[in-house]
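Biologist: Could you take me closely through the sheets of this protein, strand by strand, and then through whatever empty space is enclosed inside it?

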Amino acid sequence: MNPNQVLGEENPFEAMHARFDLAANKLGLDPGLYQILRTPDREMTVAVPVYMDDGTLQVFTGYRVQHSLARGPAKGGVRFDPNVTLDEVRALAAWMTWKCAVVNVPFGGGKGGVVCDPSKLSPNETEKITRRYVASLIDILGPDRDIPAPDMGTNGQVMAWIMDTYSMHARRVSTSVVTGKPIGLGGSQGRIEATGHGLQICTREALSRSGIDPAQCRAAVQGAGNVGRVTAKRLAGMGVKIVAISDIHGAIVNEDGLDIDAVETHLAQHRDLSGFASGDTTTNAELLELPVDILVPAATENVITSKNAPRVRAKMIVEGANGPVTAAADKILQQNDITVVPDILANAGGVTVSYFEWVQDRMGLFWSEDEVDTRMEKIMVQSFHDVATMSENFEVSMRIAAYMLAIDRVAEITKIRGIYA
Ligand code: NAD
């Protein structure tokens, strides 16, 4: 249970709408376009019946939401988690629309989820859930329709099963139906590090725009998974002192700076941070309130709410997770002059390299890690400064600027395509 949860703030779809409305208002968005862009294009709920290993039959619920197909096929992850709800999937799908538009890659936004607890499933059960879920969605998936990717509770193996199930139905090999695949199956170099790499680029650009030397900065990172761990390592690589990092069980703190390589080795051996020797322990709630220059929430949604936002002492928050700050907390952070580099910009390195994976699969020609990194660097730097300039010009937060940039791009294409009826 999140100690900072505030009833009424935690619905992510409402949180998305709250920001959307502010940005649409500032843009003076046409009322018709406002209705279109606020409403998901397509939502599908499917029953996923599966024979479990003990012979019993269980029916899971699966969702896929395509928020917008204006700028290209839907793109977005599939989450296997007991707390998945339709509103969460709707919000995540909409965030994908805005994220793809911020980094200007030719996708709309989608997201999917199955209500299940992956920690309690055998590999055989996970495979059956994946295949039945994909078979039920077969008519709306495809390289030109909707391209899933990993999210919480899913990984490269699950993506391989998605690719195989889709290919069996399509009667041809289709690698570009899904991204985040293992390299041998058409995955891209640099994909695993991409989100953390993008966060590092955004942090570097934000510090440079404010004339701050990274070597003078201290950072705390919530989450030691794919995003948190890579971000911590890359920030440390540019001289930032990482004073705290956490996982779901708690945080470790060291005022002299943590040795992130040692943290990685510990995680590889023990899977969680408990027992890490060179640091003190604290809670996730306390980590968020440490007096640091940079705070990276890279674990989950709604961790900074109106309850703890007044106690956040970081000068800058760079959002690794999707939706870690509630709309009510936004206002408090802004009043306290805390810069927030928003999720739909900061963690967009992942979808950018997913786009590269889709491109490479369609070409059948694969790039080196250097080539992937160089291309991503260019897109992330450009996107960061597009958003920062918009924020200065319109005197809005970077979050609202990112929404404005994205909404404007999607609205323009929607208008040009026209309404088919
Ligand atoms: P992950 O499962 O690899 O790691 C999650 C980390 O957060 C783990 O250390 C876990 O112990 C910790 N955690 C989970 N719940 C927590 C809680 N309630 N409190 C504190 N810590 C908690 O996941 P990931 O891929 O690193 O993704 C993290 C976040 O970033 C998610 O919100 C995800 O949607 C978002 N994201 C991921 C990517 C990507 O490419 N992986 C891209 C964009 C956004």
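Modeller: What follows goes through one sheet with its helix, then the enclosed space, then the other sheet. Please keep in mind throughout that this is a predicted model.

Let me begin with the sheet of 5 strands, which is open, has the strand order 1-2-4-3-5 and is mixed in its pairing. Its edges are formed by strand 1, residues 42-51, and strand 5, residues 146-150, each of which pairs on one side only. Going from one strand to the next, the twist averages 25 degrees. Strand 1 is joined to strand 2, residues 57-68, by 10 bridges in the antiparallel sense, and within this pair Arg 42 stands opposite Gln 66 of strand 2. Packed on this sheet is helix 4, residues 123-136, which touches strand 1, strand 2, strand 3 (74-81) and strand 4 (108-115), and whose direction makes about 140 degrees with that of strand 1.

Turning to enclosed space, rolling a probe the size of a water molecule over the atoms shows where empty space is left. With a threshold of 30 Å³ or more, the count comes to 1 cavity, and the largest cavity holds about 30 Å³ of space. Its lining consists of Arg 64, Tyr 133, Val 134, Leu 137, Leu 141, Pro 148 and Ile 162. By class, that lining divides into 6 nonpolar residues, no polar ones and 1 charged residue. Several of these residues can be placed on the elements already described: Arg 64 falls in strand 2, residues 57-68, Tyr 133 and Val 134 fall in helix 4, residues 123-136, and Pro 148 falls in the edge strand 5, residues 146-150.

The other sheet has 7 strands, is likewise open and mixed in its pairing, and follows the order 9-8-7-6-10-11-12. Here strand 9 (280-282) and strand 12 (339-341) stand at the edges, and because each has a single partner strand, one side of each is left without a neighbour in the sheet. The twist in this sheet averages 20 degrees from one strand to the next. Strand 7, residues 241-247, and strand 8, residues 250-253, run antiparallel and are joined by 4 bridges, with Ala 244 standing opposite Val 253 of strand 8. Across strand 6 (218-222), strand 7 and strand 10 (294-297) lies helix 7, residues 226-237, which runs at about 175 degrees to strand 7.

Conventions
Residues numbered from 1 in each chain as written. Predicted model: local features only at pLDDT ≥ 70, side-chain atom pairs only at ≥ 80, totals over all residues. Heavy atoms only, no water. Pairing = 2+ DSSP bridges. Helix = DSSP H or I, 4+ residues; strand = E, 2+ residues; numbered from the N terminus. Axes fitted to C-alpha atoms, helices over the stretch in contact; angles between N-to-C directions. Contact = heavy atoms within 4.5 Å. 1 Å grid on protein atoms, 1.4 Å probe; cavity = no way out; pocket = protein on both sides within 12 Å on 5 of 7 lines; lining within 4 Å. Points joined across faces, edges and corners; volume = space filled by probe spheres on them. Nonpolar A, V, L, I, M, F, W, Y, C, P; charged D, E, K, R; others polar.
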